[in-house]
Amino acid sequence: MRRVLRVAGCSLFVTVTTEHLRGPADPRLDRWMQIYQQLTKKNGANANAGRLLPTWIRQAGFDSMDVSSSTWTFRTADERMWWGSCG
C-alpha cells in the first residue's frame, strides 16, 4: 500500500466485516457466523478485517485517514427474504 500511493494520494477500501447484530436470536444465524469465520480463516483471509484497517494503514506508515462505516438493516420480511435468497 505504501509503495503504490503517493503523497496526498488516496485509496478506497471495500470490506465486509462480521459485526452482525441480530434479533431475535437464531441458532441458524449463529451457525452461519461460525461457518463464515472458519471458512475465511481456512482461505487465509480475516473475516473481521474491517475493524483492523485503520491499524494496518498506520502500520504501513500513513498518519492521516478518514474512517467511515455503513449498515444494512433488514427489518421487513421482504428485506430478510432478499438477504437470505439464493438467487
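**Entry 1: helix H2.** I began with the burial of H2 in this predicted model, and I noted that Ala49, Leu53, Pro54 and Ile57 are buried in that helix. Looking down the axis of H2, I found its buried residues within an arc of 155°, so they line one face of the helix. I then stepped past the end of the helix and saw that Gly61, just after H2, takes a positive phi of about 100°.

**Entry 2: the chain as a whole.** I looked up the secondary structure next and counted 3 helices and 0 strands, which reads along the sequence as the pattern α-α-α. For burial I recorded that 13% of the 87 residues of the chain count as buried. The accessible surface of the chain comes to about 7,900 Å², and carbon and sulfur atoms account for 55% of that area. I also checked the contacts between residues at least 6 apart in sequence, and 46% of these join residues at least 24 apart.

**Entry 3: Thr40.** Is Thr40 buried or exposed? I located Thr40 in helix H1, which spans residues 27-42, and since its relative accessibility is 13%, under the 20% cut-off, Thr40 counts as buried. Leaving aside residues up to four places away in sequence, I found that Thr40 touches Ala45 and Ala47.

**Entry 4: aromatic pairs.** I searched the whole structure for aromatic pairs and the search returned 1. The pair is formed by Trp32 and Tyr36, and it is stacked, with 5.4 Å centre to centre and 10° between the planes. I kept both values in the notebook because a pair of aromatic rings is described by the distance of the centres and the angle of the planes. The two residues are 4 apart in helix H1, which means that Trp32 and Tyr36 are separated by about one helical turn. I looked up the accessibility of Trp32 as well, and at 33% Trp32 counts as partly exposed.

**Entry 5: the tryptophan patch.** Which residues make the nonpolar surface patch of about 550 Å²? I listed Trp32, Trp72, Trp82 and Trp83 as its members, so Trp32 enters both this patch and the stacked pair with Tyr36. A patch residue needs over 30% relative accessible area, and Trp32, at 33%, meets that condition while counting as partly exposed. Trp72 is exposed, with a relative accessible area of 66%.

**Entry 6: where Trp72 sits.** I placed Trp72 in the loop between helix H2, residues 49-59, and helix H3, residues 77-84. How far apart are the C-alpha atoms of Trp72 and Trp83? I read a separation of 10.0 Å for these two atoms, with the residues 11 apart along the chain. My last note on this group is that Trp72, a loop residue between H2 and H3, shares the nonpolar patch with Trp32, Trp82 and Trp83.

Note on methods
Residues are numbered from 1 along each chain as its sequence is written. This is a predicted model: local features need pLDDT of at least 70, side-chain atom pairs count only at pLDDT 80 or more; totals for chains, interfaces and linings use all residues. Side-chain values use heavy atoms; hydrogens and water are left out. Patches are made of residues with over 30% relative accessible area and no salt bridge: like charges are joined within 9 Å, nonpolar side chains (Val, Leu, Ile, Met, Phe, Trp, Tyr) within 5 Å. Accessible areas come from the Shrake-Rupley method with a 1.4 Å probe; for residues, only the protein chains shown count as cover. A salt bridge is a side-chain nitrogen of Lys or Arg within 4 Å of a carboxyl oxygen of Asp or Glu. Buried means under 20% relative accessible area, exposed over 50%, partly exposed in between (1.4 Å probe, protein chains only). Contact means heavy atoms within 4.5 Å. The arc is that of the directions from the helix axis to the C-beta atoms. Rings of Phe, Tyr and Trp (its six-membered ring) pair if their centres lie within 6.5 Å; planes under 30 degrees apart count as stacked, over 60 as edge-to-face and the rest as tilted.
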